[in-house]
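Got your viewer ready? Here's a tour, stop by stop, with what to select and what you'll find there.

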Amino acid sequence: MSSSATMSPPAVHARPSGRPREVDNRAAYLSFGLAYVLGHGAAAASQGADPLLDLPGWLPMTLLGGGLVVGIVLTTMAALRAQLGATAPEILSGRLLGAAWIAAFTALFLAITGLTSVLERPELQSVLWPAGSGLIVGLLYLAEGAVRRNLLHYALGIWLALTSTAALWLATPGLYWVLAVAGGGAYFLAAALEHRRLHLLAGRPRV
């Protein structure tokens, strides 16, 4: 027998794919969904000609802001975990997307405060902030979904951007009801679909 026939085949070492792990958005979706339902829901129930609840004016914004902050933190943590094993260009893309959140909300702050100051209508902030935040988050989701090829994230971004701006056609408390039901409900649905998406991807080979 020849030596080539008796030799064992060379060991094949698996090389890392260079692709980051999928971002698990379930915790962030649930946090944002609770922020929408509790924050906007409290605003909707406590405003209008015949409010359903008598709540202090600071409570809805506190619930909304607290939930959004927690959601952003959870989003950042999930993105950092997913970057393990990523290539340098993909890590850079993730960092740029993270910086986009800061830049976008800074721009929104400047736009709303400047507009309401010039018009001398500070009360408009209570309407522009909820709708503007939904628009900004939706557009950021569009960018993240396109970069990460996540159709669920992309579709959620479209829905949030459209419903948040369409809600401006309604007076209060209708605007807040739309944000609470359409926005919060979309987040809860996305959390359920995210579980299914990750389960399906877990059974596919990484390329």
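One term to have in hand before we start: a residue is buried under 20% relative accessible area, exposed over 50%, and partly exposed in between, using a 1.4 Å probe and protein chains only.

A word on where the values come from: this is a predicted model, where local features need pLDDT of at least 70, side-chain atom pairs count only at pLDDT 80 or more, and totals for chains, interfaces and linings use all residues. Residues are numbered from 1 along each chain as its sequence is written, and side-chain values use heavy atoms, with hydrogens and water left out.

**The whole chain**

Start with a cartoon view. You should see 7 helices and 0 strands. Helices (H or I, at least four residues) and strands (E, at least two) are DSSP runs, numbered from the N terminus. Of the 207 residues, 35% count as buried. Switch on a surface and you're looking at about 12300 Å² of exposed area, with 71% of it supplied by carbon and sulfur atoms; areas come from the Shrake-Rupley method with a 1.4 Å probe, and for residues only the protein chains shown count as cover.

Contacts here means heavy atoms within 4.5 Å. Among those between residues at least 6 apart in sequence, 75% join residues at least 24 apart.

**Helix α2**

Now select residues 26–46, which make up helix α2. This helix has 21 residues and reaches 30 Å from first C-alpha to last, close to the 30 Å expected at 1.5 Å a residue. (The expected span is 1.5 Å times one less than the number of residues.) Mostly, α2 is covered: 15 of its 21 residues are buried.

Click on leucine 30, which sits in α2. How accessible is leucine 30? Its relative accessible area is 41%, so leucine 30 is partly exposed. Add Leu34, Val37, Leu38, Leu63 and Phe188 to the selection: together with Leu30 they form a nonpolar patch on the surface, with about 470 Å² of accessible area. Patches are made of residues with over 30% relative accessible area and no salt bridge; nonpolar side chains (Val, Leu, Ile, Met, Phe, Trp, Tyr) are joined within 5 Å, like charges within 9 Å. A salt bridge, for its part, is a side-chain nitrogen of Lys or Arg within 4 Å of a carboxyl oxygen of Asp or Glu. The biggest giver to this patch is α2, with 4 residues.

Next, move along α2 to serine 46. At 18% relative accessibility, serine 46 counts as buried. Leave aside its neighbours within four places in sequence, and serine 46 is in contact with Pro51, Leu53, Leu55 and Pro60. Just after α2, check glycine 48, which takes a positive phi of about 100°.

**The aromatic cluster**

Show side chains for Tyr29, Phe32, Tyr36, Trp101, Phe105, Tyr141 and Tyr187, a cluster linked by ring pairs. Rings of Phe, Tyr and Trp (its six-membered ring) pair if their centres lie within 6.5 Å; planes under 30 degrees apart count as stacked, over 60 as edge-to-face and the rest as tilted.

The structure holds 7 aromatic pairs. Zoom in on tyrosine 36 and tyrosine 187, an edge-to-face pair at 5.4 Å centre to centre with 65° between the planes. Tyrosine 36 lies in helix α2 and tyrosine 187 in helix α7 (residues 174–202), so this pair ties together parts that are 151 residues apart in sequence. Both rings belong to buried residues: tyrosine 36 is at 4% relative accessibility, and tyrosine 187 is at 0%.

Tyrosine 187 also pairs edge-to-face with tyrosine 141, at 6.3 Å centre to centre and 85° between the planes. That pair joins helix α5 (residues 125–148) to helix α7, 46 residues apart. Tyrosine 141 is buried too, at 1%.

**Helix α6**

Select residues 151–166 for helix α6, whose 16 residues reach 22 Å from first C-alpha to last. Its buried residues include Leu152, His153, Leu156 and Gly157, and the buried residues of α6 pack against α2, α5 and α7.

**Backbone oddities**

Most residues other than glycine have a negative phi, and most peptide bonds are trans. Which peptide bond is cis, with omega near 5°? The one from threonine 172 to proline 173, with proline 173 in the loop between α6 and α7.

Finish with glutamate 120, which has a positive phi of about 55° and sits exposed at 67%, and arginine 149, with phi near 55° and 60% relative accessible area, also exposed.
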